[in-house]
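Biologist: Please show me the chain, and let us then examine the terms used to describe it.

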Amino acid sequence: MNEGKASENPESRFSVALVSAARLPGVRIHREAYLRRALARYCSEDEIRRAIEKTPAAAGIPVDVLDKAANDSIRYETTKVSALSAAAGLPGFMALPATVPADMAQYFGHMLRIAQKLAYLYSWPDLFSDGGDDVDDATMGVLTLFFGVMFGTQSANAAVGKVAGMMAEQVAKKLPQKALTQGVIYPMVKKVAAYIGVQMTKQTFAKSVSKAIPVVGAAVSGGLTFATYRPMAKRLKKHLSESELAKPTHRVVVVEAEEVHEPFVAEHAESHAADGTAITEEGPRSS
């Protein structure tokens, strides 16, 4: 009964697929381990420690450095998902609901991986900090919006910007639960979920057609994955790097052995250029 309803309702179809993908082995990214590994090539040990304890923005890591680390992760995940698209993919598919095709769960799994990596680089909090299999409503909401940005929906862009602005203003270390589940953001989450649910049907059909071609089918499927995944990841990277949360708007000043958060104002911009600011255009950086 529930599966039938999920298959008829685009919003439910997407929600089931997202939760199922989040439960697959290897999908969830450990924030501390990832930041340590991703920043090791570009930052000092002290910068990495502060990025983990606070955020990369609060640690003063320039956005161009974060962009390089983000590009590294996008290349890695794109190569991986393209190869797996033509093969068996992530383990654990036998546990998927009947309404979630294996190739779609695999694709969503890798979208979740890159979404988490980019979020952590651009100063979003740990999305799966509880360590359980369930996905809480706030995390579900923000991941839905991240997917919406990757799919190019304007309402998702606006909603992610609002959430980032709330968190930056409050120097929050957790997602705004109420805003994502009851407030003005929630209708946008539902709208984005419904939109992606419709797109899922179209993409599943396209992949089914490509795989029906003997021998060449697997290569075509892998090519389709490569052609769509990388631009979607780049779209999310650009949006997150430009958000308020990614800007080093607060710096830590030591006064008589006490840490004081001092607002970063315009007159400090020249003397503290190392803090960096969010880049408004994504240019050709590291390939």
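Biologist: How do the residues of the lining of the second largest pocket divide into nonpolar, polar and charged?

Modeller: The lining holds six nonpolar, four polar and three charged residues. Ala, Val, Leu, Ile, Met, Phe, Trp, Tyr, Cys and Pro count as nonpolar, Asp, Glu, Lys and Arg as charged, and the others, Gly among them, as polar. This is a predicted model, in which local features need pLDDT of at least 70 and side-chain atom pairs pLDDT 80 or more, while totals for chains, interfaces and linings use all residues. Residues are numbered from 1 along each chain as its sequence is written, and side-chain values use heavy atoms, without hydrogens and water.

Biologist: What makes a residue one of the 13 that line this pocket?

Modeller: A lining residue has an atom within 4 Å of a point of the pocket, an open set on a 1 Å grid over the protein atoms alone with protein on both sides within 12 Å along at least five of seven lines. Among the 13, Glu11, Ser15, Met140, Tyr186 and Val189 are the closest to the centre.

Biologist: Why are 46% of the 287 residues called buried?

Modeller: Buried means under 20% relative accessible area (1.4 Å probe, protein chains only); 46% of the residues therefore fall under that cut-off.

Biologist: Which residues does Leu39 touch, leaving out those up to four places away in sequence?

Modeller: Leu39 touches Ile48, Ala51, Ile61, Leu66, Ala69 and Leu121, because each has heavy atoms within 4.5 Å of Leu39, which is the definition of contact.

Key:
Buried < 20%, exposed > 50% of the residue type's maximum accessible area, 1.4 Å probe, protein only. 1 Å grid on protein atoms, 1.4 Å probe; cavity = no way out; pocket = protein on both sides within 12 Å on 5 of 7 lines; lining within 4 Å.
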